Amino acid sequence: MPRLSPPSFELLPGSDDSPVILHVPHGARDIPPHVRSGIVLDDDALEGELDRITDGHTAELADVAAELAALAPWRFVNRLSRLVVDPERFPDGREEMLAVGMGAVYTRTTQRGVLRVDGIDPEPLIDAYFRPYAQAMTDAVADRLAAVGRAVIIDVHSYPSAPLPYELHGSGPRPPVCLGTDSFHTPPELVAAAREVFGEVGLDSPFSGTYVPLEFYRAEPRVSALMVEIRRDTYMTEPGGPAGSGLSRLASALARLVDSVPL
């Protein structure tokens with residue numbers, strides 16, 4: 001399967017002295033035509049699914065935060081929908097979301113309906129999109145380690161105010177901001193800083209964990225990571241509508257979080 005040109009992701013440079021990478025994996029809606037042909041939904045149903053599954057306006061939120069930060073962070077942005085591949089899933093049997101057909105290549109929708117036919121081979125999409133993305137993110141983290149001795153990945157996500165059927169842990173609290181943590185990669189001071197700037201937050205509900213490239217995962221203590229999941233009704237019209245005034249407030253808070261990371 002051919003890859004797109006230009007690439008399906010983009011690394012936007014920040015300050016040479018910044019260890020921070022704002023990672024935006026789920027903010028895009030674009031699907032290449034050859035990938036669209038393998039999705040069984042009609043156009044209207046696909047638009048509805050994109051409304052539900054896309055972390056709307058998160059790339060804009062990261063852009064504004066980067067402009068506001070005293071020391072500009074780096075930004076790694078997925079330019080394709082997670083319905084192409086989800087770069088934050090494990091590409092193998094370790095992925096718990098396989099239970100609902102939402103591993104690295106989704107076969108089911110947020111409503112647990114059919115997205116792709118059963119028995120499809122995910123490897124062409126993984127080869128074309130997942131592995132190049134993972135390698136580029138690995139390289140971006142390695143570059144920060146080489147430049148400043150550490151890397152801090154802040155994952156920028158959003159989630160709906162009401163649980164969707166695909167959620168495995170949707171019965172828990174849904175705070176305005178959910179912080180996803182990892183016992184190895186998330187230092188307490190990073191959580192404390194996020195609590196300070198965002199105010200009302202919760203930990204690891206309804207989503208938990210952080211994204212770290214597999215080369216460094218649970219192996220490189222100089223790589224820190226925090227997932228920031230923002231409830232969508234705090235900054236946009238759900239499910240897929242425009243951003244509101246909350247976006248500026250949250251971008252300012254994210255910028256303060258970036259600035260709280262010690263040099």
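Here are a few friendly notes on this predicted model, running from the overall fold to its aromatic pairs.

1. **Fold.** The protein has six helices and seven strands. Followed along the sequence, these elements come in the order β-β-α-α-α-β-α-β-β-α-β-β-α. The radius of gyration is 17 Å, close to the 18 Å that the globule rule gives for 263 residues, so the protein is as compact as a globular protein of that length. If you want to set up a frame for it, the C-alpha atoms fill a box of roughly 50 × 35 × 30 Å along the principal axes.

2. **Burial and contacts.** Of the 263 residues, 56% count as buried. Among contacts with a separation of 6 or more, 78% are between residues 24 or more positions apart.

3. **Surface and charge.** The exposed area of the protein is about 11,100 Å², and carbon and sulfur atoms supply 53% of that area. On the charge side, there are 23 positive and 38 negative charges. Their mean positions lie 2 Å apart.

4. **Aromatic pairs, starting with Phe9 and Tyr133.** The structure holds five aromatic pairs. In one of them, the ring centres of Phe9 and Tyr133 are 5.6 Å apart and the planes meet at 80°, so this pair is edge-to-face; the cut-off for that label is over 60 degrees. Phe9 sits in strand β1 (residues 9–12) and Tyr133 in helix α4 (residues 123–148), so the pair ties together parts that are 124 residues apart in sequence. Both Phe9 and Tyr133 are buried.

5. **Tyr159 and Phe207.** Here the ring centres of Tyr159 and Phe207 are 6.0 Å apart, with the planes at 70°, so this pair is edge-to-face as well. Tyr159 belongs to strand β4 (residues 151–159), while Phe207 is in the loop between β6 (201–203) and β7 (223–231), so the pair ties together parts that are 48 residues apart in sequence. As for accessibility, Tyr159 is buried, and Phe207 is buried too.

6. **A cluster to look at.** Which residues join Phe9 in one aromatic cluster? They are Phe76 and Tyr133. When you bring up the cluster on screen, strand β1 is the place to find Phe9, and helix α4 the place to find Tyr133.

Key:
Residues are numbered from 1 along each chain as its sequence is written. This is a predicted model: local features need pLDDT of at least 70, side-chain atom pairs count only at pLDDT 80 or more; totals for chains, interfaces and linings use all residues. Side-chain values use heavy atoms; hydrogens and water are left out. Rings of Phe, Tyr and Trp (its six-membered ring) pair if their centres lie within 6.5 Å; planes under 30 degrees apart count as stacked, over 60 as edge-to-face and the rest as tilted. Helices (H or I, at least four residues) and strands (E, at least two) are DSSP runs, numbered from the N terminus. Buried means under 20% relative accessible area, exposed over 50%, partly exposed in between (1.4 Å probe, protein chains only). The radius of gyration is taken over C-alpha atoms; the globule rule is 2.2 Å times the number of residues to the power 0.38. Contact means heavy atoms within 4.5 Å. Accessible areas come from the Shrake-Rupley method with a 1.4 Å probe; for residues, only the protein chains shown count as cover. Lys and Arg count as positive and Asp and Glu as negative; His and the chain ends are not counted. The place of a charge is taken as NZ of Lys, CZ of Arg, CG of Asp or CD of Glu.
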